[in-house]
Amino acid sequence: MIPAIVPPFLLARIAGTADPRLARAAAAAARTLSLPRPARGAARERLRLSIEESGTLVAETSPAPDRVVSDAQNREELPGVRVRGEEDPPSGDEAVDEAFDGLGATFDFLWDAFGRNGIDGAGGSLAATVHYGVEYDNAFWSGERMVFGDGDGEVFTGFTGSLSIIAHELTHGLIDAEGGLEYQGQSGAINESIADVFGVLAEQHAAGHSVQDASWLVGAGIFSDAVQGVALRSVKDPGTAYDDDVLGRDPQPGHLRDYVETDEDNGGVHINSGIPNRAFYLTAAALGGKAWERAGRIWYRTLTDGLSPTIDFAGFAAATLAAARAEYGEDSEEVAAARDGWVGVGVIEDGSPAV
C-alpha cells in the first residue's frame with residue numbers, strides 16, 4: 001500500500017454519511033477509496049547571500065531543487081502534462097504554484113537542517129502532479145512523485161496549500177531512500193510518525209517558529225469551515241485534531257496504554273503514530289528552541305543510521321537514544337530529553353535502565 005495523507009477510515013466515514021448536505025463529499029470519498037493508487041515506480045546549485053553580524057556580506061553556493069509540476073487534468077493518469085519547472089514563471093494555477101513552492105520549502109528544510117540534498121540525498125528531481133482525479137480526497141507519494149487531489153469542496157478544500165502535508169508525503173520518499181519501513185503495525189506507525197514529524201518541522205522551518213510558537217498540526221487548513229476540526233492530526237496532542245459529527249473524533253492515542261489493536265488501516269498506522277509523535281514533541285519541548293535543530297537531528301540520524309524495516313516502538317526508542325548519544329554524548333541533555341519523551345508515552349518505563 002502506498003502511503004497517503006488521509007487515512008482510509010476517515011474517507012470511509014465520509015463515504016458512509018447520510019447527511020444530504022454532504023452528498024458530494026460522500027460520493028467523492030467513495031470514489032477516492034475505489035481508485036487504486038499507481039504502483040511505485042545532475043545536481044543543481046544556487047548562490048545564497050547572507051549578512052553576518054559584523055555586516056560582512058557572505059556568498060555561498062548550495063544545492064538547488066529541481067522541481068517539475070505536472071497537471072493530471074482531472075484524470076487518474078500520471079505524470080500528466082508538465083506545467084512548471086525551475087526556469088518557468090508562476091503558472092497562475094494556485095495548485096500548481098503551491099505545490100511548486102512546497103517542494104522548494106521542503107528541499108530547503110532538508111538542506112538547512114540536515115545537509116541533505118533532496119529526498120534521495122543526491123539532488124534528484126522533485127516531481128509533483130496536481131488535479132489528480134475528479135474531487136479526489138487525498139494526497140500521496142507514488143514512489144516517484146507527490147500526487148494531489150483537489151478535494152470535494154465540502155469536507156476537504158484541497159491539499160497543496162499545506163506545507164506539512166507536502167513535506168509529510170515527500171518524507172515517505174526519504175524513508176524509502178533510507179531502506180524503508182514496513183507499512184504495517186508498529187513499523188508502519190513509525191513510518192507515518194516520521195513523516196508527520198518532518199512535515200511539521202518543515203512548516204516550522206519555513207515560518208521560523210520555535211517549539212513554543214508552532215502549532216504542531218498536520219494538515220491545518222485542508223478542512224472546510226463545515227468541519228469541526230483544525231487539522232488531520234496533532235503531533236503535540238494526539239486525539240485533539242477534530243471532533244465532528246461526520247468524521248467522528250480523532251482516534252489517535254498519545255500513550256502506549258491506549259494503543260489501538262485493529263486490522264484496518266494496515267494495523268492502525270495512521271492511528272498509533274500518535275504515540276511516537278507525542279514522544280517527539282515531548283523531546284523537542286524539553287530541549288526548546290527550534291525543534292529541527294536538536295530533536296529533529298536525533299530523529300534524522302536515527303533514520304539514516306539504519307533501521308530494521310520491521311522495527312517496533314521499543315526498538316525505535318532505543319535507536320533514538322543511541323543516535324542522541326552518538327550526536328551529543330552519553331550524559332547530554334539531548335539523551336535525557338529523548339529518554340523522558342519515550343517515558344512520557346509509556347514506551348520506556350520510568351526508572352528502568354537507559355536503553
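This is a short talk about a few helices, strands and side-chain contacts in one predicted model.

Hi everyone, and thanks for coming. Please keep in mind that what you see is a predicted structure. I'll go through it piece by piece, beginning with a helix.

Have a look at helix α2, which runs over residues 23–34. It has 12 residues, and from its first C-alpha to its last it reaches 17 Å, close to the 16 Å expected at 1.5 Å a residue. Which residues of α2 are buried? They are A25, A26, A28, A29 and T32. These residues lie on the same side of α2, because they cover an arc of only 165° around the axis. Here is a handy bit of background: an α-helix has 3.6 residues a turn, so residues three or four places apart point the same way. And what do the buried residues of α2 pack against? Their partner is α1, residues 8–15.

Now let's turn to a strand, β3, which covers residues 67–71. Of its 5 residues, 4 are buried, so β3 is largely enclosed by the rest of the structure. It pairs with two other strands. With β5, residues 126–130, β3 runs parallel, and 5 bridges join them. With β4, β3 runs antiparallel, and here there are 4 bridges. If you'd like one residue to find on the screen, try S70. Its bridge partner in β5 is T129, and in β4 it stands opposite R82.

While we are at β3, let's look at R67. Its side chain meets that of E86 in a salt bridge, at 2.5 Å from N to O. R67 is in strand β3, whereas E86 is in the loop between β4 (81–85) and α3 (94–114), so to speak a link between distant parts of the chain, 19 residues apart. Is R67 buried or exposed? Its relative accessibility is 13%, and because buried means under 20%, R67 counts as buried.

How many salt bridges are there by this rule? The count comes to 18. Let me show you two others. One is between E77 and R75, whose side chains meet at 3.8 Å, N to O. R75 is partly exposed, with a relative accessible area of 41%. Another is between D237 and R278, at 3.7 Å, N to O. This pair links distant parts of the chain: D237 is in the loop between β9 (233–234) and β10 (243–244), R278 is in helix α7, and they are 41 residues apart. Both ends of this bridge are partly exposed: D237 has a relative accessible area of 33%, and R278 is at 23%. Salt bridges can also share partners, and in this way R297, R301, D305 and E327 are joined into one network.

R278 brings us to helix α7, residues 274–287. It has 14 residues and reaches 20 Å from its first C-alpha to its last, close to the 20 Å expected at 1.5 Å a residue. Why do we call α7 largely enclosed by the rest of the structure? Because 10 of its 14 residues are buried. Among them are I275, A279, F280, Y281 and L287. The buried residues of α7 pack against α5, α8 (295–304), α9 and α10 (333–344). Just after α7 comes G288, whose phi is positive, near 70°.

Last topic: aromatic rings. A search of the whole structure finds 17 aromatic pairs. One of them is W216 with F280, a tilted pair with 6.2 Å centre to centre and 55° between the planes. W216 is in the loop between α5 (185–207) and β8 (217–218), and F280 is in helix α7, 64 residues apart. Both are buried, W216 at 1% relative accessible area and F280 at 0%. Y259 and F313 form a pair too: their ring centres are 6.0 Å apart and their planes are at 75°, so this pair is edge-to-face. Y259 lies in the loop between β11 (248–249) and α6 (265–268), and F313 is in helix α9, so the pair ties together parts that are 54 residues apart in sequence. Y259 counts as buried at 18%, and F313 is buried at 2%.

To finish, let's go back to W216 and F280. Ring pairs link these two with Y281, W299, F316 and W342 into a cluster. Thanks for listening!

How values were computed: Residues numbered from 1 in each chain as written. Predicted model: local features only at pLDDT ≥ 70, side-chain atom pairs only at ≥ 80, totals over all residues. Heavy atoms only, no water. Expected span 1.5 Å × (residues − 1). Buried < 20%, exposed > 50% of the residue type's maximum accessible area, 1.4 Å probe, protein only. Arc of directions from axis to C-beta. Contact = heavy atoms within 4.5 Å. Salt bridge = Lys/Arg side-chain N within 4 Å of Asp/Glu carboxyl O. Pairing = 2+ DSSP bridges. Phe/Tyr/Trp six-rings, centres within 6.5 Å; stacked < 30°, edge-to-face > 60°.
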